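Trainee: I have a new model open and would like to learn how its features are read, one after another. Could you go through it with me?

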There are 2 protein chains.
Amino acid sequence: MSAPASKSPATLHDVAREAGVSLATASRSLNGSARKVNEDYRQRVVEAAQRLGYTTNLFAQAVAKGSTTTVALLVADIADPYFSSIAAGVIDAASEERLVVTIAVTGRDAQRELDTVRALRGQRPRVMILAGSRTTGSAFEAELRTELSSFEDTGGKVAFISQDAAPFATVLLDNRGGARDLAVALAELGYRDFAVIAGPAEIRTAQERLDGFSAGLAEHGISLPAERIIHSDFTRDGGYRGAQELLASGARVDLVFAVNDVMAVGVVSALRDAGIAPGEGIGVAGFDDIPTVRDITPALTTVRIPLEDVGRRALQLATGSAYGAPDAGGGPGPIPTETIIRGSTPRR
Amino acid sequence: MSAPASKSPATLHDVAREAGVSLATASRSLNGSARKVNEDYRQRVVEAAQRLGYTTNLFAQAVAKGSTTTVALLVADIADPYFSSIAAGVIDAASEERLVVTIAVTGRDAQRELDTVRALRGQRPRVMILAGSRTTGSAFEAELRTELSSFEDTGGKVAFISQDAAPFATVLLDNRGGARDLAVALAELGYRDFAVIAGPAEIRTAQERLDGFSAGLAEHGISLPAERIIHSDFTRDGGYRGAQELLASGARVDLVFAVNDVMAVGVVSALRDAGIAPGEGIGVAGFDDIPTVRDITPALTTVRIPLEDVGRRALQLATGSAYGAPDAGGGPGPIPTETIIRGSTPRR
DNA sequence: ACTAACAGAGAAAGCGTTTACCCAGCGCGT
DNA sequence: ACGCGCTGGGTAAACGCTTTCTCTGTTAGT
């Protein structure tokens, strides 16, 4: 009979009254507690809660307990498959531990990233995962570290994805090694004249991949002249424009490496729009192995990163739910990468 | 001198003491308040906060105010570009209003969706946005509605995306009309023998698109026999398998319509793997206009939905920050769709 | 000069939880 | 019989904020 259509949600108080027990007993029966409570009572409380449509107010709980069930995830762009795949992993792992994930986007803007971290600290998240593209030499870098350190000092845990950001825990991606292996594999396929669409110079991931690629080529005695390195946005359109620029330069090239897959997709489209058949005229390779690159034509050669696992692992690393202590460096070494040769780079 | 490296974050209390003012004054200076506070004091407080690295504890604030700054977003799969684009819109609009977005994934499972809604209610979000694929005839449908109603009774606001879910606010997508227009356009291009890879029968979005498409064909006197409708998963792999099944049936078809783009991408790959050139042998069309379909070959004909806008609008609809009252139905009618003809459906 | 009106600081009562502490009842060993 | 340790319910004090209300000091009106 008790219609719950009141103006504000039922409180634990209401439940206790309804069940005829004390607040303490109600709390103990509904949300776990070290103390036992008589099964009869427990039953009564649970039923009362049911009847009133009670749900624990997580905020109040957090205040009382002094700890939350929140995880904050920062990404550069949630619509980018790279980040959304990572997010999927984080969310999945989080829900296993009954944690709630809040996502914020930074748009690859260091200032905004800093602001976001500050704002998110207000949530007192258990964990903060930074998947955004780390930049080098940003004036905000130091401030960010300070902010994060003080977050850790006050009981939070931070995890980075991609580059080592000691002293913070990191899920290391072997950007350098992966790119090197790719370069070697391509050289062995017979490619000789390379160009790289490299993304902004200050994005560390981009830089590492470029370095690794260049190193791999060097092992085969192939050099990568500076004019064959084109910096552009870390996005699909950046890749597209980078390829256009390359073409306009008149350079003779038999393979274009874009430092990530979304850029590579842009490259493929740009080549095609310029009347060049990707994979026949010029080979194209990317990095990340986002889902779509299997489905474009030709399928893209790339370096595979198990993105969802990376997200999952970042969370586990931070919560310490795997690999022993959360501060054990970065778990068992960097995430392995794998070179995947597909149709976009046939043997020459 | 005051090193903040304590074990727990600075509280407003600490700030007040540091600044030599009362708690009330500190609160008023840091977080907005109707009351004015002397500029001298305000300054002192702000500096003290700065010095101590204070950030408002949002949870405590929420408890005290009885209202939160949280928005909950439920999606079927965050790695799916359809949902991640919508999420991007929601997050963008939310951050404009200084709201924080928590994302949960339901995996198209009605039971899990219900559980998630229940769990999320504990967060007392201002708004709950359901972008998951609504299903029909689910046993959980009624329970879900009850749960959501009681959420609204206690001051929350819910917004659906896609199908009308009266009495809840909805950002209506014109699935039916869009599919109809597409069918008409394709018929006018000269296609005659259609098949549809239709997704699970119980997903409403899928069903509406199928119906609309079929109606459009009917206008041109073309019928869509039941054996040309293949139900499969609402995913890329679902599309792939659906196309395989279609091919195996030996049906003569000149156009395959997949009810969403990720499925269409699967269809394209399946055709190609079967040695059929998509766009030449058989036309392919999708629905949604996710970013990738411009970049596959041939570029995919589809029905465009401004996904980010949809997300943005869902949030605004729920917070009432646009189009007058939040309960004004669904704002200014359904989101317009647009048929986009690309290379995958050349004139026959 | 005297009071009315107003500003604005501070004290204290919430907000919805958890949990330390108190205390009654009970079974047990001596 | 008696004390003692458990068990487990209840009371009340936190938790970190906001906000109502009280109260003092100013300003202005007559």
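Trainee: Which parts of DNA strand D, sugar or phosphate or bases, do the atoms within 4 Å of the protein belong to?

Mentor: Bear in mind that this is a predicted model. Of the DNA strand D atoms that lie within 4 Å of the protein, 58% are part of sugar or phosphate, and the rest are part of bases.

Trainee: Which residues come nearest to DNA strand D?

Mentor: There are 26 residues around the strand, and the nearest of them are A:Thr25, A:Arg35, B:Leu12, B:Ser27 and B:Gln61. Sorted by class, the surface near DNA strand D consists of 12 nonpolar, 8 polar and 6 charged residues.

Trainee: Where does a phosphate oxygen of the strand lie beside a polar backbone atom?

Mentor: At B:Leu12, a polar backbone atom is 2.6 Å from a phosphate oxygen of DNA strand D, while for A:Ser22 such a distance is 3.1 Å and for A:Lys36 it is 3.3 Å. As for the elements, those that contribute two or more residues to the surface near DNA strand D are α2 (23–30) and α4 (58–65) in chain A, along with α2 (23–30) and α4 (58–65) in chain B. The element that gives the most is α4(B), with 5 residues.

Trainee: How is chain B related to chain A?

Mentor: A turn of 180°, with a shift of 0.0 Å along the axis, lays chain B on chain A with an RMSD of 0.1 Å, and this is the relation of a two-fold axis. Of the interface residues of chain B, 100% are also interface residues in chain A, so the copies meet through the same surface.

Trainee: How should I read a pair of aromatic rings?

Mentor: Such a pair is described by how far apart the centres are and by the angle between the planes. In this structure, a search over all chains finds 9 aromatic pairs. In one of them, A:Phe194 and A:Phe213, the ring centres are 5.7 Å apart and the planes stand at 75°, so the pair is edge-to-face. Because A:Phe194 belongs to strand β6 and A:Phe213 to helix α9 of chain A, the pair ties together parts 19 residues apart in sequence.

Trainee: Is A:Phe213 buried or exposed?

Mentor: A:Phe213 has a relative accessible area of 0% and is therefore buried. Its ring and that of A:Phe257 have centres 4.3 Å apart and planes at 20°, so this pair is stacked. A:Phe257 lies in strand β8 of chain A, 44 residues from A:Phe213, and is buried too. Together, A:Phe194, A:Phe213 and A:Phe257 form one aromatic cluster.

Methods:
Residues are numbered from 1 along each chain as its sequence is written. Chains are lettered from A and ligands numbered from 1 in the order in which they are written. This is a predicted model: local features need pLDDT of at least 70, side-chain atom pairs count only at pLDDT 80 or more; totals for chains, interfaces and linings use all residues. Side-chain values use heavy atoms; hydrogens and water are left out. Rings of Phe, Tyr and Trp (its six-membered ring) pair if their centres lie within 6.5 Å; planes under 30 degrees apart count as stacked, over 60 as edge-to-face and the rest as tilted. Helices (H or I, at least four residues) and strands (E, at least two) are DSSP runs, numbered from the N terminus. Buried means under 20% relative accessible area, exposed over 50%, partly exposed in between (1.4 Å probe, protein chains only). Copies are superposed by least squares on the C-alpha atoms of residues with pLDDT of at least 70 in both. Contact means heavy atoms within 4.5 Å. A residue is near a molecule or strand if one of its heavy atoms lies within 4 Å of it. A polar contact is a pair of N or O atoms within 3.5 Å; within protein, one must be able to donate a hydrogen and the other to accept it, and residues adjacent in sequence count only if both atoms are side-chain atoms. Ala, Val, Leu, Ile, Met, Phe, Trp, Tyr, Cys and Pro count as nonpolar, Asp, Glu, Lys and Arg as charged, and the others, Gly among them, as polar.
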